[in-house]
Amino acid sequence: MVAFGKKLKERQILEWQGYYINYKMMKKKVKQYAQQIEVGTQDRRYVLKDFSRMLDIQIEKIVLFLLEQQGLLASRLAKLDEQHDALQQQPEISQICELRQAYRAVGQDLLKLLFFVEVNAIGLRKILKKFDKRFGYSFTNYYIKTRANHPYSQLQQVFKHVGIGAVVGAVSRNLHELQDRQGSYLSIYDQPALPLQDPVIDSIKAAVDRLTHSTNFLNFLAQHALIMQEEFPTPVEEQVDDQNYHFISLLLNLVNTFLYMVNTYIVVPTADDYSLSLGAAATVCGIVIGAMAVAQVFSSVYFSAWSNKTYFRPLVFSSVVLFVGNILYALAYDFNSIAVLLIGRLFCGLGSARAVNRRYISDCVPQKIRMQASAGFVSASALGMACGPALAGLLQTNFKIYKLTFNQDTLPGWVMAVAWIVYLIWLWISFKEPSREIKENHIPQESNAVVVEDDALEHGLKQPLLISSSEDRQQDEDGEQECDESEEAPEDSHRPATSIRSAYRLLTPSVKVQLLIYFMLKFVMEILLSESSVITTYYFEWSTGKVAIFLASLGLTVLPVNIVVGNYISNMFEDRQILLASEIMVCIGVLLSFHIIVPYSVPQYVCSGLILFVSAEVLEGINLALLSRVMSSRLSRGTYNGGLLSTEAGTIARVIADGTITLAGYLGQSRLLNITLLPSLFICISSIVATCFTYNSLY
């Protein structure tokens, strides 16, 4: 296989040779770094900072040239547009042909520019990979994280091509209008379905598609899952990952995620009817649904701690507890006991093993496929969320076996109990417990020294991206103090948080805002979903089947929305812009949901609910992506990790939302909707204000 450096040299456009990434020089530099570290003339901190600076310079050179070429193309297009306008008045066939050739020439030059960007993007990826391989770091993740979303980052221009898109549009439109269509000069906007016949347009489109997909959809979904990773894993850790990886065990973790989400939402369409049948108010459905979240607040902690030692036993315990919980949920009807119903839901919450599922992907899946596994985690959750209500809509029957009743209220419990016992059998037969001995016995001898240097790198490179220039002086003073403290206690610099309190101390203002946003979106989503059955029954007299279809339809929007955001929107706008826009759209969805106009109509409820839910889903993905970038690396390990903190924030939000529904129910169903929407609106506005204030002060 020919080396990339040779390929790059062969494919460089001669007049642009000086503007390509200097892959050969950087490759030599990586080799020099390795030699210097080996003989002890340089430390790793210097190497990482110097290599980062060198990459920044190379990328800046590429981007400035890219902008210059875009400007030249734009100037040429402006002159050609003047000629085009003149031809509109007095069309001449010969001049039209010449103009078409001129536009084609611009298109060909645009193809060269697209090729230039693509080759440099490949070169950047190759040199980062070579650096990681030589030094055993995951420097690529760190570099991309810290550069991809900063407002002054040059790296964005390599992957996001708004300016190029404008040139593509101008060339496409003008070539289309100049095509010989029997004297017709209709615009492409008048005939959007009409195929473009010029081959240069097809070539440009293919090149743009390659660039568009350079920011991978899987990467977006992986960030959505918030699988916490260490910044610089060692080669030994990567070797352990390869030895520990077992596909069936990963699949069992994803199935656990899917079944738990089904279990969570399968009761939503019938929870109000079940409460009424047991002699309680319909709004008690809030407590019935929320009981699972209450228990999950505690189960997340002990499952996270348990996963420090084993994965198999927590999953077995989860399956057994969920089996018992669903049996109790189903038997509550024949016992005529709301207490048994609530105990059953509490048991289901105590079986929440999502912390184990996340931790397994983070610890036992090789880094090369961790992104795909993380995307699978998000997809399994989304699919379970859609299948739960849909399955409830299918369980519309009523019969008895001996003294046991099987109807739309109890069948969700019976069906899930069977599903969990089948899963438990499969788990017992097929799951392979990963070995932890290798990690414990192969700790690098120089790890203590590297810890201080890597931590210093983290503070030295990350913080300038998160603070304004007015705070630089204070930052320098704080940085000196932190260095002094780290020298006194180097073993604490990368030690995982040992309690919720110590984890909270590691949260920066930006992280706290991200957790507030996560709390807000989970609160408004839980209000929408949990009270949907009560609201639609009261206002529209919907049956259980209609409620199930509505909720399942909302769940099915998750993956398509993430595809659009991950593949397209995130390539055109900064994450912070998408974050704020999504928060505003959630606020609009809440406002549109209020019962002000009489009568309250189905289109108003469905449209406002769809806006709220879709916006919240977009917000969740972007929020967790940002959260993964700004959270301390110390929160990537241990019991009290970043995944646990985000899970706790979302779970507490769901508990409060479900409690709000039940409390508001005492004021009557006619007031339920507006009363539950008021705290949603307040929290949403608070998160928008916090976002604007935080990012204005940071950037």
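Is Thr 283 buried or exposed? Thr 283 is buried, with a relative accessible area of 5%. The model behind these views is predicted.

**View 1. Thr 283 sits in a loop and touches residues far along the chain from its own place.**
The loop runs between α12 (271-277) and α13 (285-306). Setting aside residues up to four places away in sequence, Thr 283 touches Val 534, Ile 661, Thr 662, Gly 665 and Leu 672. Its relative accessible area is 5%, under the 20% limit, so Thr 283 counts as buried.

**View 2. Helix α16 is largely enclosed by the rest of the structure.**
The helix spans residues 354-364. How many of its residues are buried? The count is 11 of the 11, which is why the helix is described as largely enclosed. Charged side chains are on the list: Arg 354, Arg 358, Arg 359 and Asp 363 are among the buried residues of α16. The list also includes Ala 355, Val 356, Tyr 360, Ile 361 and Cys 364. Asn 357 and Ser 362 are buried too.

**View 3. A salt bridge joins Asp 109 to Arg 76.**
The structure holds 5 salt bridges. In this one, the side chains of Asp 109 and Arg 76 meet at 2.5 Å, N to O. The pair links distant parts of the chain. Asp 109 is in helix α4, Arg 76 is in helix α3 (residues 44-89), and they stand 33 residues apart. Both ends fall between the buried and exposed limits: Asp 109 is partly exposed at 23% relative accessibility, and Arg 76 is partly exposed at 32%. Lys 112 joins in as well, since Arg 76, Asp 109 and Lys 112 are linked in a network of salt bridges.

**View 4. Leu 72 and Val 106 show a spacing between two points of the chain.**
Leu 72 is in helix α3. With a relative accessible area of 45%, Leu 72 is partly exposed. Its C-alpha atom is separated by 10.0 Å from that of Val 106. Along the chain, Leu 72 and Val 106 are 34 residues apart.

**View 5. Helix α23 takes part in two buried salt bridges, one through Lys 522 and one through Glu 526.**
Start with Lys 522. Its side chain meets that of Glu 620 in a salt bridge of 3.4 Å, N to O. This pair links distant parts of the chain: Lys 522 in α23 (residues 509-530) and Glu 620 in α28 (residues 602-630), 98 residues apart. Both Lys 522 and Glu 620 are buried.
Now turn to Glu 526. Glu 526 forms a salt bridge with Arg 654, and the closest N and O atoms are 3.5 Å apart. Glu 526 lies in α23 and Arg 654 in helix α29 (residues 642-665), so the pair ties together parts that are 128 residues apart in sequence. Both Glu 526 and Arg 654 are buried.

**View 6. Lysines and arginines form a positive surface patch.**
Which residues form the patch? They are Lys 27, Lys 31, Arg 125, Lys 126, Lys 129, Lys 130, Lys 133 and Arg 134. Helices α2 (23-39) and α4 (93-135) each supply at least two of them. Helix α4 gives the most, with 6 residues. One member to find is Lys 130, which lies in α4. Lys 130 counts as partly exposed, at 31% relative accessibility.

**View 7. Three loops carry backbone features worth finding.**
Most residues other than glycine have a negative phi, and most peptide bonds are trans. The following places depart from that pattern.
Begin at Pro 599, in the loop between α27 (575-593) and α28. A cis peptide bond joins Val 598 and Pro 599, with omega about -5°.
Next is Tyr 402, in the loop between β1 (399-401) and β2 (404-406). Tyr 402 has a positive phi of about 60°, although it is not a glycine. Tyr 402 is exposed, with a relative accessible area of 83%.
Last comes Glu 541, in the loop between α24 (532-540) and α25 (544-556). The phi of Glu 541 is also positive, near 60°, in a residue other than glycine. Glu 541 is exposed, with a relative accessible area of 71%.

Technical notes: Residues numbered from 1 in each chain as written. Predicted model: local features only at pLDDT ≥ 70, side-chain atom pairs only at ≥ 80, totals over all residues. Heavy atoms only, no water. Patch = residues over 30% accessible without salt bridge, like charges linked within 9 Å, V, L, I, M, F, W, Y side chains within 5 Å. Areas by Shrake-Rupley, 256 points an atom, 1.4 Å probe, with all protein chains shown as cover. Salt bridge = Lys/Arg side-chain N within 4 Å of Asp/Glu carboxyl O. Lys, Arg positive; Asp, Glu negative; His and termini not counted. Charge placed at Lys NZ, Arg CZ, Asp CG, Glu CD. Helix = DSSP H or I, 4+ residues; strand = E, 2+ residues; numbered from the N terminus. Buried < 20%, exposed > 50% of the residue type's maximum accessible area, 1.4 Å probe, protein only. Contact = heavy atoms within 4.5 Å.
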